[in-house]
Amino acid sequence: MNCTILGGGLSALSLAYFLQKDENIDEIHILEKDFRPGGLCRTYIKNGIEYDVGPHIIFSKDKEILDLMNNLLGENIEKHRRSNRILHKKRFVQYPFENDLSKLPKEDIDYCVNAFIHNPYENYEAKNMLQFFLKTFGEGITNTYLRPYNEKIWKFDPAFMDTQMVERIPKPPKEDIIRSANGETIDGYLHQLYFTYPKHGGTEALIRAFISELSIKVKIHTNAEVKGLEKTARGFRVTTANGAYESDRVVSTMPVNELVHIYYDPLKPEEILNTADNLKYNSIAICIVNVKKDYAGDNYAFMVADKNVRFHRISKLDFMGEGYHKEGTATYMAEITYRKNDLNDKASDEELVLKVIEGLETIGFIDSEEDVNFTELKRFEYAYVIYDLNHRQNMDLIRQYFDSQGIYLNGRFGAFEYLNMDAIIRQSKQLAETIRNKK
Ligand SMILES: Cc1cc2nc3c(=O)[nH]c(=O)nc-3n(C[C@H](O)[C@H](O)[C@H](O)COP(=O)(O)OP(=O)(O)OC[C@H]3O[C@@H](n4cnc5c(N)ncnc54)[C@H](O)[C@@H]3O)c2cc1C
C-alpha cells in the first residue's frame with residue numbers, strides 16, 4: 001500500500017516519520033510545490049544572518065513531543081529564558097502584561113487594577129474573544145493592551161472571534177494583580193518561560209533533522225505543485241505540475257480552502273465551496289533590519305500595540321546566540337500581518353520597509369534611517385488561521401466532507417487550525433495511528 005502526502009512542511013515530514021514505521025505501507029510520496037520542503041519552518045539567510053518565517057521557538061506542554069524535537073536536534077540546541085517585552089508608551093513591560101503592571105504610567109495602573117477588582121463582566125459567559133478578555137482581565141487591561149494588540153495582529157475585531165485561542169488562559173488571582181501593580185514582576189505562562197532553539201540553521205534545522213530520519217520508503221518530490229485530485233478504482237490519482245501519482249491513501253497538508261477547489265467530485269456540494277471560501281486567515285510580511293546600534297538590550301521579542309507603528313511584533317535575532325549575530329550590529333525582525341486587498345497587501349514592499357523603519361524610530365530602536373545597514377522583506381500568504389465566529393462550524397462541515405471522501409486532513413492550513421509545531425507533530429502521530437488502524 002502507498003500513501004501520498006500533499007504539501008511538504010512539518011506536518012507532512014513528521015507524518016512520514018511516524019507512518020514509515022507501518023509495515024503495511026511500502027511507499028510514501030511527499031509532494032511539495034516549492035523547490036525545497038519545510039513550509040513555514042523554512043529558514044532564510046541574508047548577509048550571513050539566518051532567519052525564520054517569523055521567529056520560531058521550541059516549547060511545549062507536551063513532554064513527549066518536546067523531547068522528540070530536542071532529541072532530533074541533538075547537540076544543535078541552546079536553551080533560552082524567555083525575555084519578551086510589551087512596548088507601552090516607550091516603557092518595557094514584561095510579558096504577560098497583567099504580571100508587570102507597575103511599569104505602566106500611574107493613571108494606567110489605576111485603570112487596570114480598579115477595573116480588574118470591580119469587574120462588572122465577571123459573571124457573564126464569554127461568547128467571543130473580546131468578552132473573554134473583559135470577563136477575565138477587566139476593561140482596563142483589555143483596553144490598554146489586549147484589545148489593541150489583538151486587533152493589530154489579527155486585523156479582525158476580537159468581538160468577531162471565538163474563544164478557542166484564549167479559553168485556556170487562566171484568570172489571574174486578585175493578589176497577583178495587586179502584587180504586580182505594587183512593583184513585583186510575576187512570571188506567567190510558565191511552559192513558555194524556557195525554550196530551545198537550534199544553535200545554527202534556524203528552525204529549518206528541525207526539518208533537516210526529520211528528513212535525516214526518513215527511510216528509503218519516503219520520497220520527497222519538490223517543484224511538484226498539486227493541481228488535481230480525484231478518486232479512482234484503486235484509491236486516488238494526484239496530478240502535479242510534473243506527473244501523476246496513483247495512491248491508496250491521501251493526506252492533504254496543503255491549504256484546505258485550495259484543496260476544495262482542486263478536488264474533482266461531480267457531486268461536490270456548492271455549500272462546501274462557499275464554506276471553504278469563507279475560511280479566514282492572515283498573511284504575513286516579515287522584514288529583517290540590521291542596524292548599527294543596539295537599543296533593545298538583552299531582550300528577544302517586543303509586542304507593540306500602538307497603531308501608529310505598522311508592525312505588531314519586533315524580535316531581536318541576536319538574542320538566539322552567536323549564529324544569529326553580526327559583530328557590532330543588531331538585527332531585528334518586524335512582522336506585519338495582512339489580508340487580501342487591505343492596505344498592507346496593496347502597499348509595495350518598499351513602502352512596507354519604510355513603515356518598518358519609521359516604526360523603529362517611533363519606538364526608539366534607531367535614531368534615524370542612517371542607522372540602518374540593510375533590510376530584506378518577504379511575504380507569506382498563509383501565516384495565521386483566524387478563529388472567527390464561524391470557524392468551528394465551517395471546519396466541522398469541511399472535515400465531514402473530506403472524511404466522507406476518504407481524504408485525511410493534517411497540518412496548520414491542511415486542517416485549518418491554529419497549531420504550533422508541537423501540536424502539528426502530535427497530530428501527525430495520531431494520524432499515523434489512525435491510518436495504521438484503518439485496514
Ligand atoms: C509567524 C509565525 C510564527 C510561528 N512561530 C512558532 C513558534 O514560535 N513555535 C512553534 O512551535 N510554531 C510556530 N509557528 C507555527 C509553525 O510554523 C507551524 O505550526 C508549522 O510550520 C506548520 O506546518 P504545516 O506543514 O502544517 O504547514 P506549512 O508549513 O504551511 O506547510 C504546507 C506546505 O504545503 C505546500 N503546498 C501548498 N500548496 C501546495 C500544493 N498545491 N501542492 C504542493 N504543495 C503545496 C507549501 O509550500 C508548504 O510547504 C509559527 C508560524 C508563523 C506563521
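Two strands pair if DSSP finds at least two bridges between them, and in this predicted model strand 1 (residues 2-6) and strand 13 (residues 249-252) run parallel and are joined by 4 bridges. The briefing starts from the ligand and its surroundings, then turns to the sheets, the other strand pairings and two backbone features. A total of 34 residues surround the ligand, and the shell that they make draws at least three residues from each of domain 1 (2-41 + 210-279 + 388-437) and domain 3 (281-385).

**Surroundings of the ligand**

- Of the 34 residues that surround the ligand, the closest are Gly 7, Gly 9, Gly 39, Gly 54 and Gly 411.
- Sorted by class, the shell around the ligand holds 17 nonpolar, 11 polar and 6 charged residues.
- At least two residues of this shell are supplied by each of helix 1 (10-19), strand 19 (372-385) and helix 12 (421-437).

**Packing of helix 1 and helix 12**

- Helix 1 and helix 12, which each supply at least two residues of the shell around the ligand, also pack against each other at an angle of about 40°, with their axes 8 Å apart.
- Angles under 35 degrees count as roughly parallel and those from 65 to 115 as roughly perpendicular, and helix 1 and helix 12 are therefore oblique to each other.
- The crossing in which helix 1 passes helix 12 is right-handed.

**The sheet of 7 strands**

- An open sheet with mixed pairing is built from 7 strands in the order 7-6-16-17-18-15-19.
- Strand 7 and strand 19 stand at the edges of this sheet, and because each has a single partner strand, one side of each is left without a neighbour in the sheet.
- From one strand to the next, the twist averages 25°.
- Strand 6 (residues 85-88) and strand 7 (residues 91-94) pair in the antiparallel sense over 4 bridges, with His 88 standing opposite Arg 91 in strand 7.
- The hairpin formed by strand 6 and strand 7 has 2 residues between the strands, and Lys 89 in the turn has a positive phi of about 50°.
- Strand 16 (residues 301-304) pairs with strand 17 (residues 313-316) in the antiparallel sense over 3 bridges, and the bridge partner of Ala 301 in strand 17 is Ser 315.

**The sheet of 4 strands**

- Another open sheet has 4 strands in the order 12-11-10-14, and its pairing is mixed.
- Strand 12 (243-247) and strand 14 (263-264) stand at the edges with a single partner strand each, so one side of each is left without a neighbour in the sheet.
- Within this order, strand 10 (residues 226-231) and strand 11 (residues 236-240) pair in the antiparallel sense over 5 bridges, and Glu 230 stands opposite Arg 237 in strand 11.

**Parallel pairings of strand 13**

- Where strand 1 runs parallel to strand 13, Ile 5 stands opposite Val 251 in strand 13.
- Strand 13 also pairs in the parallel sense with strand 20 (residues 407-409), over 3 bridges, and there Val 251 stands opposite Tyr 408 in strand 20.
- Val 251 of strand 13 thus stands opposite Ile 5 and also opposite Tyr 408.

**Backbone features in loops**

- The peptide bond from Tyr 95 to Pro 96 is cis, with omega near -5°, and Pro 96 is found in the loop between strand 7 and helix 3 (106-117).
- Asn 47 has a positive phi of about 45° although it is not a glycine, and Asn 47 lies in the loop between strand 3 (43-46) and strand 4 (49-52).

Definitions and conventions. Residues numbered from 1 in each chain as written. Predicted model: local features only at pLDDT ≥ 70, side-chain atom pairs only at ≥ 80, totals over all residues. Near = placed C-beta within 6 Å. Nonpolar A, V, L, I, M, F, W, Y, C, P; charged D, E, K, R; others polar. Domains from an automatic or database assignment. Axes fitted to C-alpha atoms, helices over the stretch in contact; angles between N-to-C directions. Parallel < 35°, antiparallel > 145°, perpendicular 65-115°, else oblique. Left-handed = near helix turned anticlockwise from the far one by under 90°.
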